[in-house]
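Visitor: I am new to this structure and would like to be led through it slowly.
Guide: Let us take it one question at a time, with the picture in view.

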Amino acid sequence: GTLGNEEDSTYISQAHTGLFSKWVDASSGSFVKMFRGSASYIANHRGTLAVYHIPGELLAWEGFPGLMDDIALTLLLGMKIVLVAGCRHQIDIRLDGNEDDDEEHRTGGKVMMSSIRVTDEETLRVVKEEAGFVRFEIERRLARSLRLHGGLIKGSESLIGNVVSGNFYSAQPFGVLDGIDYCWTGFPRKVEIERIRQVHETNDIVLLTSLGVSPSGEIFNVNSEFLAASVAGALSASKIIYFNVHGTSFQNKYTKKPVQNLRVSDARNLLAHYKMRIHPKGFCLVDLDEDSPHQEALRAPGAMETLIKVGYSMVALEKGVKRAHILAPENGALVQELYTRDGCGTLISRDIYEGIRRADVNDVSGIYDLIDPLVRQGTLVERPKSQLEKEILSYYVYTRDGLIVATGQLKRFEGGFAEIGCLVVSKDYRRGGRGDAMLGYLERLSLQCGAKKVFVLSTQTMEWFVERGFREVQVGSLPPSRQAMYNVKRKSKIYMKEIDGDRDLDAAELWWSNR
């Protein structure tokens, strides 16, 4: 039926006979699904500080305006941003064009030790010019991006965020090394933390170049990658993001799949494998012999660059930064890496599972003492010491100063199932995220073992698992061998979680590690 006024031809039509209109599954729309999936990432990143390193090569990339759009978007979504702009590419072009073949012994402008350049007076002038060019290009592009994204204060023509440059860090000379005077080449001395925070209070972006000023007024040419790591560490940034010019990434040599996640321990082993290290003054050293088989791998385009980015990422992580990302210069790569589950780069994160290890027979008494109070309350099934000793290799413990503060058990079953049980944290350590760390560790172990379906049985702590992505299922959802062992009298509730890959666990880890 319809209601209306024929004179003004206005009608209200009853489209459906039911009280509510028919539900259309909007989640099938790719945008709605993507936006819903990004909500938790937007919330987790809001208010956090990120340091971006922009290599000079990207200014000539056709996708550079899009990258500035994406950086502006992260600001508008609530992130605090520091940009560190490199200009080595522009300097190389200038100096190669100015080379004089007669000056065979001149060292000014040459890269004498990996990524550190000897900066004589003439080279310093070139660095000043190119650093200024890069700075103003980034400022110009970012201002445009902020305006296009609607970053204007309501009722005015003023931008919500501005780009601010200045002397936000001081530098000191590199000095003389192995008989070579590096002249005006320097490294970071002090980061002006409070001044940067004041800029962020007004929702502005801080932009740094590779030119640092000493307290005496001298200007020094600083390695921009090392500067980014130093600034991120000083500010206790949530993340540092390096852009990889060649787009080179890591690949698992057995599965041939891309490696999207590295722990600090993995990255440290990778650098040790290629005998690479970052000097405290910021330059990179590779100690491989010329005839080493690894030298050939590093000659591949982008291989050395990627390894160096890992090295500087490690510097940042060791200074307290939570996560480092290495991204290829691809359209939308930054947004995809930060705001989607799948990501598209290489993530290196601090080893938050440090202190967790597999239990041995010496841990039986400690585990028993930890779980006994919960057994007495009826929260846990009784586990005599003889049973613990028999099953000890399925237990894992979280230790601090030799004391077991948390434990958990992992059992594998047929069909890609694994059970996490006996997850207990000492009452004195329950607010330190150790329960989440133990759960995340066991979930990663399950995935490594090929078990993508993880389940738990609980009579008291059901809500804790529901908050971490588990959903209630029936006994029939368990693998047959576990169904046969189910205690009907205890009537434990069953909760299950399916894990697609490491990125699922990275997303969960981001959530609880930021709380």
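**Helix packing and cores**

Guide: A starting point in this predicted model is the pair α7 and α9, whose crossing is left-handed.

Visitor: How are α7 and α9 oriented to each other, given the angle at which they pack?
Guide: Helix α7, residues 264-273, packs against α9 at an angle of about 135°, with the two axes 10 Å apart. An angle counts as roughly antiparallel over 145 degrees and as roughly perpendicular from 65 to 115. The pair α7 and α9 is therefore oblique.

Visitor: Which class, nonpolar, polar or charged, has eight residues in the contact of α7 with α9?
Guide: On the side of α7 the contact is made by Val264, Ala267, Arg268, Leu270 and Leu271, and on the side of α9 by Leu307, Val310, Gly311, Met314, Leu317 and Glu318. By class, one residue of this contact is polar and two are charged, while the class with eight is nonpolar.

Visitor: What is the orientation of α6 relative to α9?
Guide: Helix α6, residues 224-234, and helix α9, residues 303-318, have axes that come within 8 Å and cross at roughly 25°. Because angles under 35 degrees count as roughly parallel, α6 is, relative to α9, roughly parallel.

Visitor: How many charged residues are in the contact of α6 with α9?
Guide: In this pair α6 passes α9 in a right-handed crossing, and the contact is made by Glu225, Phe226 and Ala229 of α6 together with Lys309, Tyr312, Val315 and Ala316 of α9. Five of the contact residues are nonpolar and none is polar, and the number that are charged is two.

Visitor: What gives the most residues to the largest nonpolar core?
Guide: The largest nonpolar core has 46 residues, of which Val51, Val82, Leu208, Ile240 and Ile348 touch the most other members. With eight residues, the element that gives the most to this core is α9.

Visitor: Which residues of the 200s, beyond four places in sequence, is Leu208 in contact with?
Guide: Leaving aside neighbours within four places in sequence, Leu208 is in contact with Val82, Leu83, Val84, Ala85, Gly166, Phe168 and Tyr169. The rest of the list for Leu208 is Leu227 and Val231.

Visitor: Is Arg434 buried or exposed?
Guide: Arg434 is found in helix α13, residues 434-448, and, leaving aside neighbours within four places in sequence, is in contact with Tyr398, Arg400, Val405, Val425 and Tyr429. Its relative accessible area is 14%, and because under 20% counts as buried, Arg434 is buried.

Technical notes
Residues numbered from 1 in each chain as written. Predicted model: local features only at pLDDT ≥ 70, side-chain atom pairs only at ≥ 80, totals over all residues. Heavy atoms only, no water. Axes fitted to C-alpha atoms, helices over the stretch in contact; angles between N-to-C directions. Helix = DSSP H or I, 4+ residues; strand = E, 2+ residues; numbered from the N terminus. Left-handed = near helix turned anticlockwise from the far one by under 90°. Contact = heavy atoms within 4.5 Å. Nonpolar A, V, L, I, M, F, W, Y, C, P; charged D, E, K, R; others polar. Core = buried A, V, L, I, M, F, W, Y, C linked by side-chain atoms within 4.5 Å. Buried < 20%, exposed > 50% of the residue type's maximum accessible area, 1.4 Å probe, protein only.
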